[in-house]
Amino acid sequence: MEQNNSTVDMLNGLSEIAEFMDDEDLTTALTFIAKAIVKPDIPFNIVSTEIVRLQAIAAKMAFKATWMANVD
C-alpha cells in the first residue's frame with residue numbers, strides 16, 4: 001500500500017508542477033512521465049522518440065531557467 005501512496009504522491013506532484021509552470025511542452029513531458037510511471041512497459045519505438053522529445057523539452061527548460069535567473 002505504501003507503494004501506491006508514493007506513486008499517487010508523485011503523480012500529484014507532477015500535476016502541481018505543470019499547473020505552476022503553465023508551459024504546454026512541460027505539461028506534455030510530465031504527462032508522458034506520469035504514464036510511464038503507471039505503465040512502464042512502453043514499446044521501444046515509442047520510447048526512443050519520447051526520449052528525444054524529453055531531451056528537447058529539458059533543453060528548453062534549461063534555457064528558460066537561465067533566462068529567468070539572469071535576466072528577469
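Helix axes are taken here as lines fitted to C-alpha atoms over the stretch in contact, and the angles between them run from 0 to 180 degrees between N-to-C directions. Two packed helices are described by the angle between their axes and the distance between the axes. In the predicted model examined here, α2 and α3 pack at an angle of about 140°, and their axes lie 10 Å apart. The arrangement of α2 relative to α3 is therefore oblique, since the angle falls neither over 145 degrees, where a pair would count as roughly antiparallel, nor within the other named ranges. The crossing in which α2 passes α3 is left-handed. On the α2 side the contact is made by D25, L26, T28, A29 and F32, while α3 contributes E50, R53, L54, I57, K60 and M61.

Several residues of this helix pair also belong to the largest nonpolar core, which has eight residues, namely L14, A18, L26, A29, L30, A34, I57 and M61. The elements that supply two or more residues to this core are α1, α2 and α3, and the largest share, four residues, comes from α2. Among the core residues, A29 touches L54 and I57 when residues up to four places away in sequence are left aside. With the same exclusion, L26 touches I17, M21, I57 and M61. L26 is placed in helix α2 and counts as buried because its relative accessibility, 12%, is under the 20% limit. By contrast with these contacts, the C-alpha atoms of L26 and T7, which are 19 residues apart along the chain, are separated by 20 Å.

D25, the neighbour of L26 in the numbering of the chain, is likewise found in helix α2. With a relative accessible area of 32%, D25 is partly exposed, because this value lies between the limits of 20% and 50%. Not counting residues up to four places away in sequence, D25 touches I57 and K60, both of which are listed among the α3 residues in the contact between the two helices. The C-alpha atoms of D25 and A56 are separated by 9.5 Å, although these residues are 31 residues apart along the chain.

The loop between α1 (2-21) and α2 (24-38) holds D23, and D22 lies in that loop as well. The accessibilities of these two residues fall into opposite classes: D22 counts as exposed at 67% relative accessibility, whereas D23 counts as buried at 8%. The backbone of D22 has a positive phi of about 50°, although this residue is not a glycine. Most residues other than glycine have a negative phi.

The side chain of D23 is placed close to the backbone at the beginning of the following residues: a polar atom of this side chain lies 3.0 Å from the backbone nitrogen of D25, and a polar atom of the D23 side chain lies 2.9 Å from the backbone nitrogen of L26. Beyond residues up to four places away in sequence, D23 touches A18, K60, M61 and K64. Of these, A18 and M61 are members of the largest nonpolar core, and K60 and M61 are among the α3 residues that make the contact with α2. The C-alpha atoms of D23 and M61 are 9.6 Å apart in space, and the two residues are 38 residues apart in sequence.

Within helix α3, which covers residues 44-70, lies E50. This residue counts as buried, because its relative accessibility is 13%. The side chains of E50 and R53 are joined by a polar contact of 3.2 Å, and both residues are included in the set through which α3 meets α2.

Note on methods: Residues numbered from 1 in each chain as written. Predicted model: local features only at pLDDT ≥ 70, side-chain atom pairs only at ≥ 80, totals over all residues. Heavy atoms only, no water. Buried < 20%, exposed > 50% of the residue type's maximum accessible area, 1.4 Å probe, protein only. Polar contact = N/O pair within 3.5 Å; in protein donor to acceptor, adjacent residues only side chain to side chain. Contact = heavy atoms within 4.5 Å. Core = buried A, V, L, I, M, F, W, Y, C linked by side-chain atoms within 4.5 Å. Parallel < 35°, antiparallel > 145°, perpendicular 65-115°, else oblique. Left-handed = near helix turned anticlockwise from the far one by under 90°.
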